[in-house]
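Reader: I have a model to go through with you. Can we take its helices in turn, definitions in hand?

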Amino acid sequence: MAVFLPSERQERILTAVRQHGTVRLSELVDQLNVSAVTIRRDVTALADRGLLRRVHGGITLSHRTGREPEPQRTTFGPTTAGILLGMVVPSVEYYWPQVIQGAQTAVNAADGRLVMRVSSYEPGEDRRQITALLERGVRTLLVAPVVTGAYGLDLLRWLAARPVPVILIERQPPPELPTLALDAATTAHAIGAGLAVRHLVTLGHRDIALVLSRQSPTSRALRQGWHDTLTELGLPHPDSRLFELAVYGTPGWATTYDTVLRRCRELGATALLVHSDREAIGMVERARDLGITVPDELAVISYDDEVAATSDPPLTAVRPQKHRLGQLAAELALARATEVGRRPVHRVQLWPTLEVRESCGGQPD
């Protein structure tokens with residue numbers, strides 16, 4: 001029995017599709033003598049590279065020769081098949097992988113191709129990477145740039161003047177540019193913070209502290225949502241209940257977290273909203289070592305829900321719909337590329353969801 005390397009299997013799959021046009025997955029399982037799981041993994045890899053597309057029960061070529069690409073429909077209207085979409089994100093290590101996967105799903109469904117670059121939060125990198133994608137020939141751009149300070153304002157003005165449509169993702173133009181005609185797809189992070197606060201209040205908590213990740217661009221919206229919700233509910237929101245932390249695991253993190261926990265105990269805070277999962281897990285770890293039990297003495301909600309369910313106890317968490325956001329943002333970009341100049345500015349916002357687990361007490365749903 002022949003044993004093929006993944007690259008050899010994938011080349012044989014492509015050969016079969018070129019010869020027959022459409023091939024059923026069950027036929028590939030028999031031909032290559034491998035499991036259905038292996039075939040699906042190979043097909044996913046090939047589809048992500050834009051070399052084939054899935055149809056019901058099988059696969060076919062991404063673009064059939066001799067035929068015009070068929071128009072596709074998205075949530076935001078029709079789009080032409082085969083569009084090259086550029087994407088610039090600040091990171092591929094945290095938060096953004098699910099957003100990227102969502103965008104890839106939408107691009108695959110439209111028989112297009114996604115080309116991604118990473119700016120790494122470095123000043124000047126947004127413009128350099130976007131310029132490279134424009135030279136590459138992309139027809140629309142999906143970007144998460146810096147939008148604050150003089151640099152951010154200049155960059156947004158420059159983006160609005162590009163010759164292709166630009167869609168912001170998890171970013172919005174600041175108040176200084178109220179009429180900048182750029183589409184955007186964002187998460188309602190302030191609403192997410194409010195959902196967490198309201199859940200804690202229903203459990204009897206009235207003194208709720210907020211712990212933010214010091215370098216996160218999400219922190220401002222979470223602070224606003226925490227503050228506004230406490231105000232609406234008639235609860236105190238003094239700055240003494242607001243803390244900023246370095247990233248979990250960096251030098252001196254344990255001492256800093258211990259200081260926050262002791263301060264919360266002195267102030268009488270009985271609940272924490274912590275951004276993000278890493279920091280929330282670190283707070284629970286340090287609370288345990290200080291003899292503070294979660295959730296009996298301290299309720300904890302995490303914001304992100306990347307790995308919150310693996311904590312001990314599992315963390316109740318606010319979950320931004322990252323995959324769905326990436327998918328909708330890409331659909332908006334694809335539709336904009338097809339109908340340039342004929343569509344009003346779109347600002348799409350998704351609410352996060354609250355995933356109830358054990359870290360606040362009570363019975364999870």
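Reader: Which residue follows H9, and what is the sign of its phi?
Author: Gly268 follows H9, and its phi is positive, near 90°. Helices (H or I, at least four residues) and strands (E, at least two) are DSSP runs, numbered from the N terminus. This is a predicted model: local features need pLDDT of at least 70, side-chain atom pairs count only at pLDDT 80 or more, and totals for chains, interfaces and linings use all residues. Residues are numbered from 1 along each chain as its sequence is written, and side-chain values use heavy atoms, without hydrogens and water.

Reader: How do you know that the span of H9 agrees with the expected one?
Author: The expected span is 1.5 Å times one less than the number of residues. H9 (residues 253–267) has 15 residues, so 21 Å is expected; its end C-alpha atoms are 21 Å apart, which agrees.

Reader: What makes H11 largely enclosed?
Author: Buried means under 20% relative accessible area, exposed over 50%, partly exposed in between (1.4 Å probe, protein chains only). In H11, 14 of the 17 residues are buried, so the rest of the structure largely encloses this helix.

Reader: Why are H4 and H11 called oblique?
Author: Axes are lines fitted to C-alpha atoms, for helices over the stretch in contact (heavy atoms within 4.5 Å). Angles run from 0 to 180 degrees between N-to-C directions. Under 35 degrees is roughly parallel, over 145 roughly antiparallel, 65 to 115 roughly perpendicular, the rest oblique. The axes of H4 (residues 96–109) and H11 cross at roughly 45° and come within 6 Å. The two helices are therefore oblique to each other.
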